[in-house]
Amino acid sequence: MFKKIFLSLLLLSFCLNAKDKIALGLLYGDIHFSEKEVKLGAKLWLKNIEKLNLGVELEVFFYENKEDVLKDYKDKKITNIITTGTFFFKNKEFLEKYSKYKWVLSRDKLKFIEYYMIKNKESDFDIKGFKNIKVSYKNDLEKVWAHSVLRKEIENKKSKINYIQKETEKIVALDAFFHKDKVVVIPKEIYELMLQYNSQFKNKTEIVAKSPKIFFRAIGFTRDGVGETLDKIYKDINDKINNNKVDLSVLSYVQIQNVFLIENNELEELGVLYKNYGEVLK
């Protein structure tokens, strides 16, 4: 759960000089963080920042109300936001109006990720026709994609889809391993990790659908007008990380690899999918 916080702090630490100060706004409930988790993550990363002698001053503000975080971002009371894909699409026009940079967080060397829909091999689930099905997922965009697949292929209009959100992606994956009445949606890399950890996982499960590679784990925004040093520093971020110029040892257990700047056109396909099927989240 810490990966989004840690990577945002990594990104922000490069954006500042000794005179700079940033304020990060977090809807910790919306992205399934507790305030305790966020504070611990900040403390661990700040210890690493001190070793780099960057003179970073960081404030983290915790929000429960979405309108409050948007208002403070507009008023420049906070300079950065990190949040979910669904929050972005619901507030896309606002965030793009006031942001200079948009970036996604990745735990591998790929900017965007692919989802797999998986079932137990003994299940009689057929993607082209089913009556009722339970769908386990972790992140909201996984739910949106699952709904797009199942609604497109459904033949029995009276079928019912019961979505069940789980705490971790590994728990989601295990639902396909142990339960015949469920299908699950997980990122491709989680599926591959399960194959490494459990030799029986491949024998017990079956991939029934693959998504396009257009999704991301978390998305962050940097407020327009926060400093002239950002341009050069953002261009150097990926180089510094990829060439091991930054100590990521504190992040190793969440397999953090990269921060990627993105342009608006890179999210067009995902935006269309969300527009068509995002109503499942309402």
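**Close-up 1. Glu 169 in helix α7 and its surroundings.** In this predicted model, Glu 169 is found in helix α7. Its relative accessible area is 8%, and because the cut-off for a buried residue is under 20%, Glu 169 counts as buried. Who keeps this residue company? Setting aside neighbours within four places in sequence, Glu 169 is in contact with Arg 107, Lys 138, Asn 139, Glu 142, Ile 186, Pro 187, Ile 190 and Arg 217. One of these partners, Ile 190, leads us on to the next view, where Ile 190 appears as part of helix α8.

**Close-up 2. Helix α7 meets helix α8.** Here we look at α7, residues 169–178, beside α8, residues 188–197. Their axes come within 10 Å and cross at roughly 70°. Angles of 65 to 115 degrees count as roughly perpendicular, so α7 is roughly perpendicular to α8. Which residues make the meeting between α7 and α8? From α7 come Glu 169, Lys 170, Ala 173 and Leu 174, while α8 brings Ile 190, Met 194 and Tyr 197. Sorted by class, the contact of α7 with α8 holds five nonpolar and two charged residues, with no polar ones.

**Close-up 3. The ring pair of Tyr 137 and Tyr 163.** The structure holds twelve aromatic pairs, and this view picks out one of them. The ring centres of Tyr 137 and Tyr 163 sit 6.5 Å apart, and their planes are at 80°. Planes over 60 degrees apart count as edge-to-face, so this pair is given that label. Tyr 137 belongs to strand β6 (residues 132–137) and Tyr 163 to strand β7 (residues 160–165), so the pair ties together parts that are 26 residues apart in sequence. Are these two tyrosines buried or exposed? Both Tyr 137 and Tyr 163 are buried.

**Close-up 4. A cluster of aromatic rings.** Ring pairs link five residues into a cluster here: Tyr 116, Phe 177, Phe 178, Tyr 191 and Phe 201. Helix α7 spans residues 169–178 and helix α8 residues 188–197, if you would like to place this view beside the second one.

**Close-up 5. Stepping back to the whole chain.** To set the views in context, the protein chain has eleven helices and eleven strands. Of its 282 residues, 52% are buried. Among contacts between residues at least 6 apart in sequence, 82% join residues at least 24 apart. The accessible surface of the chain comes to about 14,200 Å², and carbon and sulfur atoms account for 47% of that area.

Definitions and conventions. Residues numbered from 1 in each chain as written. Predicted model: local features only at pLDDT ≥ 70, side-chain atom pairs only at ≥ 80, totals over all residues. Heavy atoms only, no water. Axes fitted to C-alpha atoms, helices over the stretch in contact; angles between N-to-C directions. Helix = DSSP H or I, 4+ residues; strand = E, 2+ residues; numbered from the N terminus. Parallel < 35°, antiparallel > 145°, perpendicular 65-115°, else oblique. Contact = heavy atoms within 4.5 Å. Nonpolar A, V, L, I, M, F, W, Y, C, P; charged D, E, K, R; others polar. Buried < 20%, exposed > 50% of the residue type's maximum accessible area, 1.4 Å probe, protein only. Areas by Shrake-Rupley, 256 points an atom, 1.4 Å probe, with all protein chains shown as cover. Phe/Tyr/Trp six-rings, centres within 6.5 Å; stacked < 30°, edge-to-face > 60°.
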